[in-house]
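User: Please take me through this model in terms of definitions. For each label that you use, I would like to know what makes it apply.

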Amino acid sequence: MKFALFIGCNIPARVGQYLTSARAVLDRLGVELADFRSFGCCGYPLRSLDQQGYLLSSARNLAIAENAGLDILALCKCCFGSLKKAAQVLKESPSLKEEINRFLGREGLEYQSRVQVKHILSVLYHDVGLEALQGKIIKPYKGLKVAPQVGCHALRPSRVTQFDDPLHPVIFDALVRATGAESLAWDSRLDCCGAPLLGVNDEVSLQRTRDKIKKSREAGADYLCTACPFCHLQFETAQKRPLSSEGSEKPVAPLLYTQLLGLSLGIEEERLWSREDSVDSRGIRSYIREDEKHA
Amino acid sequence: MVYQFFLPLALAIFGLGLIYKIYFWFSKGLVRTSRNFTTWERVQAAFQGIFKTIFSLQAGALAKALVLDVLFQRRTFKEDLLRWAMHMSIYWGFMVLLLMHALGSLVMAPLFPPYYSTVNPFFFLRDLSGLLVLAGMSLAVYRRFIQKVPRLKTHFMDYYALAILMLILGSGILMEGIKITSYSEFLQMARDFGTIDSKWEGNQELQALETLWVRQYGLVSPNVKGPVDPQVLARGREIHEMSCLECHSATSWAFLGYPTAKLLSPIALFLDRTGLPAILWVVHVLSCLVGLAYLPFSKMGHILFTPLSLLMNAVMDRERSHPANIATRQMIELDACTHCGTCSTRCSVGAVYETWGNENILPSEKLHSLKALVRGKALEPVQLRSLLEGVYCCTSCDRCTVVCPSGINLRELWVDLKEDLVQRGIPERLILSPYSFVRGLNQALHPRKEYDAPIQMVRQAVALPFEEGKKGGIPLDLSHQAPALPVFLPDARNFANCFVCQNCTNICPVVAAFENPEEALGLLPHQIMTSLGLGLLDPARGNRMIWDCLTCYQCQEHCPQGVMVTDLLYELKNLAAGNQRGSAGLTGQGGLRS
C-alpha cells in the first residue's frame, strides 16, 4: 500500500505536527508514502476568483501523481475536496481537460484521469481497515470524550467527494472509537469551522468557530478532534484570543486525529507533538488506561 | 601603468558602492517593519545586536552557519546535488584563484616564502582552480540556457555575472597559453633571470636554452628548426636547471595553458609580434578591476551579501530580535538574492503564474520588484497592482524560505510586502478569497483599522461595476429558455431547476449568522438562484452574499432539485472578479475564458 503524500501549503508552515504525526502513524500501520517536491498548491484559495487557475493547479498535482503511478493521500480536507472536484470536472469535461493539458504540456505533464484521491481518514478506514487498526492499538484511552470535526470539504458535495454518508457520516466516529475514546454525537459536528471566511469576514468566520466550540463544550467534549489544518488552526486561533463571551471558560483544545491515534499506537510524543500547540492538547495522555500505562 | 591607475579607481568605486549599500540597508525598508525607526536607531540596534550575538551562546550558531551554510553551502546541497557541485566548483575555484593568484603577493608570499606562482604546487593549482570554475560555469550555462527549467527567469544581471567570469577566465587562460609560446617573453625572461654571459646576439648558450624550451616547454621560436643536436639539448638542460628550474615548473603542469599554447603554436610568432600577450594582460586585469568596481551593484555582490544573510538568519528571528534589526535584515536580504530561481521553480503557486503570466507571482521576480519599490522608484499603478496580485496569491507555505540557498526569509518579506501594498488602497480582489486566511490568523498583529480597511474597500470595489445593473429598469426576458450563464464548470448550469423551496437559505450558516440577513448580505441563496433564472446576472454577482459564502456546500447537498448552489456562487465570484481584473488592466487571463 503506497500513496503520494499531499501535504498542501498550511501543514508545512503552520501545522507541522500533523505531518510528523501522520507519517508516524501511517508508517506504524504499514502505509508507504512517496514525497513529491514538485507538488504545489491544490488551487483551493484560487477557486473563488479563477476556476481555470484552480483547475490547472489541481490537475498539475494529479498529473504528477499519475505519472508516478500512485494515488494521492491528502492530509488537508480542503486540498482533498479541491483535488476531488478537479478530478471529477476533468473526467466529465474532455474540452476542459484538453485545455488544462495544454498548459501542463509546458512542463511535460499530461493528465489522463487515472488517479484516485483519498483523505487520510478514508485510507485508515477503508485501506488499512478498522480491524487492522484496532489490532495495533496498545494504549487505549478510557473516559476520553472527543468531538470529531467532520469537515465540510471532505464531506460535501458528497457526489464529488464520496467520502462518507453526508447526513450520517460514520468513518470519523469509528476511527475515534477504535482508540477507546468516546466519539460524541454533538450538535454541530457537520457544520463548517469558519475557516474559509477568515480574513474575509472575520465576524461570520469566528462566530461559526466559537459557536462550534461552545457546542462541543456543552456536549461534554474534552477535545475537538480534527483532521484538517484549516479546522485545526481555526479552533486554535479562536481560543488563543481573549473571547469576550467566554473568556473565562476552559478551552476545548483541538487535537489532530493522527495525534489521538498515534499516542494509542504507542508512538513517542515528540513525533506527535513536533510543534508546540497554541492551545495545549497533550493532556490526552492522562486518559490512557491505568493498567496500560505501565505495560 | 594600467594597473597603477585603475586599481585605486576600482577600489574607490567598490568602496563607495559598499557605502551606498550600507546606507541603503539602514535607511530603506518595508513600511510595516521600518516605520517606527530612524536610520540612526537602526544603526544603534545593529551594533547592539552584533555585540550581543558575538558575546553569547549564539556565537556557536554563527560559527556553525559559517562552516555549513557559507563554506560548505549546505542549503544548495540539500536542494540539488548537481547545482551544489556547480556552485562549489565556481566558489572554491574562484576563491583559490583570488587568494593565490590575484592576491598572491598579499596572501601567499607571507605564508609560503619564497613564493613563486610558477612553481608547483601553485602552478598546477592555478590551472586546476581555473578548470573548476570553467566546469562550474559550463554547468551554469547548461542550466540557464539549455536545460529548460520551468519558471526560471534570466535577467541582464545573470548574463553579466556569467560574462564577467568568462572574460576573466578566458583572458587568463589565453594569456597563459600565449605567454608559453611567446618568443619575446622568453628573451625577456632569459635576460632578466638567465646566468648566461656576455653578448646575446648569436650566443650559443642562449640558443641551447631556446632549443630546449622549444622542444619541451612549448616555446615557438623563429630560430629553431629542423633536427636538433642532442649535445645542444643537453647543454640547454644544464642552463635550464641553473637559471629557470628554481622558479619555474615545466609548462605542461599548466594543463589549461599548455594545450592552448600547442593549439596556437602555428600562429604564435605572428601573435607575439602583434603584442597580444600585453593586450591580453590588460584585458585580464581590466576585467578583474571592472568586476571588482561593479561588484557591489551587480549579482556578484552576493559573494559578500549572501554570507551576511545566511549568518543573520542563523541567529535572528521575529520573536527575539530587535524589530529595527529585522527591518535592516530584510534590506540586506534583497541584496543577498542571487536570482538563482530556486524559489520560483519550487513555488507552490507556480501553476497560477502559468495561467496569469504575472511574473510577480514568482518569488525571485517579486523580490526584484520589491527592490525597486523600496528604492523609491515610482511604480505605475498597474505595476503596483500586479505586484499586489503576485504577493497576495502567496499561500505562505514557507517553501521558498526553506529552499532559498541564500537563507533569505522570503515568507516574512511577502507578508510585510502584502501589508504595505494593501494599505495603499489597491482594491485587490484576492483579499476576498481564502488567500486571506493567514492574514486573518495574524489579525492580532495589525491595528484594527488597518486590518479592516482593505477588506471593506475591496468589498465595495467588486460590487461597484454591477450597481447600475442592480437598479433594475431593464425589461425582464421571461421566455421559457433558461438564459445562458457563461459558467466555467459545465455542470453548474442547472439553476433553472430551482423551485424556490428555500432549503438552501434555511440551511445556510452564513444566513443564520445574521438577525436581518437580507440587510447584511443582499440577496440570499434562493434569491440568487431565482435571479439567475430570470437572467438577472448583475444583481446576482453584485451582492455581498457571494463573497460571504463559507463554501460549506450545505445548500448544494440539501437542494432537492440538485441545483449546484455553491458551485454557482463560485461561478458568480469568478464573473465578478474576472471583471475586476480586466478593468485593472492586468494582462493574462483571469477567471472566465469568454
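Analyst: Chain A is divided into domain 1 (2–119) and domain 2 (129–293), where the bounds come from an automatic or database domain assignment. This is a predicted model, in which local features need pLDDT of at least 70 and side-chain atom pairs count only at pLDDT 80 or more, while totals for chains, interfaces and linings use all residues. Residues are numbered from 1 along each chain as its sequence is written, with chains lettered from A and ligands numbered from 1 in the order in which they are written.

User: What makes domain 1 and domain 2 of chain A count as being in contact?

Analyst: Two residues are in contact if their C-beta atoms, placed from the backbone, lie within 7 Å. By that criterion, 23 residues of domain 1 of chain A are in contact with 26 residues of domain 2 of chain A. On the domain 1 side, α1, α2 (16–28) and α4 of chain A each supply at least two residues, and the largest share, 9 residues, comes from α2(A). These helices are DSSP runs of H or I with at least four residues, strands being runs of E with at least two, and both are numbered from the N terminus. By class, the side of domain 1 that touches domain 2 has 10 nonpolar, 8 polar and 5 charged residues; Ala, Val, Leu, Ile, Met, Phe, Trp, Tyr, Cys and Pro count as nonpolar, Asp, Glu, Lys and Arg as charged, and the others, Gly among them, as polar. The C-alpha centres of the two domains of chain A lie 24 Å apart.

User: Why are β2 and β4 of chain A called edge strands?

Analyst: The open sheet of 4 strands in question has the order β2-β1-β3-β4 in chain A, with parallel pairing. Strands are taken to pair if DSSP finds at least two bridges between them. Strands β2 (32–35) and β4 (117–119) of chain A each have a single partner strand, so one side of each is left without a neighbour in the sheet. Neighbouring strands of this sheet are turned by 40° against each other on average, direction ignored. As an example of pairing, β1 (residues 2–6) and β3 (residues 71–74) of chain A run parallel and are joined by 4 bridges, with A:L5 opposite A:L73 in β3(A).

User: Which helix lies across β1, β3 and β4 of chain A, and at what angle to β4(A) does it run?

Analyst: Helix α4 (residues 77–92) of chain A lies across these strands, running at about 160° to β4(A). Angles run from 0 to 180 degrees between N-to-C directions, and the axes are lines fitted to C-alpha atoms, for helices over the stretch in contact.

User: What makes β5 and β6 of chain A a strand pair?

Analyst: Strands β5 (residues 145–148) and β6 (residues 182–183) of chain A run parallel and are joined by 2 bridges, and two is the minimum that the pairing rule asks for, so the pair qualifies. In β6(A), the bridge partner of A:K145 is A:E182. Strand β5(A) also pairs in the parallel sense with β7 (residues 223–226) of chain A over 3 bridges, and β7(A) with β8(A) over 4 bridges. The resulting open sheet of 4 strands has the order β6-β5-β7-β8 in chain A. Helix α9 (residues 171–178) of chain A lies across β5, β6 and β7 of chain A, at about 155° to β5(A).

User: Are the residues that point either way from β8(A) buried or exposed?

Analyst: A:A253 and A:L255 point one way from β8(A), A:P254 and A:L256 the other way, and all are buried. A residue is buried if 20 or more other C-beta atoms lie within 10 Å of its own, exposed if 12 or fewer, and partly exposed in between, with C-beta atoms placed from the backbone. Across chain A, buried residues make up 58% of the 295 residues.

User: Why does the radius of gyration of chain A agree with that of a compact globule?

Analyst: With 295 residues, a compact globule would have a radius of gyration near 19 Å, and chain A has 19 Å, so the two agree. The radius is taken over C-alpha atoms, and the globule rule is 2.2 Å times the number of residues to the power 0.38.

User: How many residues does each chain give to the contact between chains A and B, and which element of chain A gives the largest share?

Analyst: The contact takes 46 residues from chain A and 54 residues from chain B. On the side of chain A that touches chain B, the largest share, 6 residues, comes from α3(A), and the residues of this side divide into 22 nonpolar, 12 polar and 12 charged.
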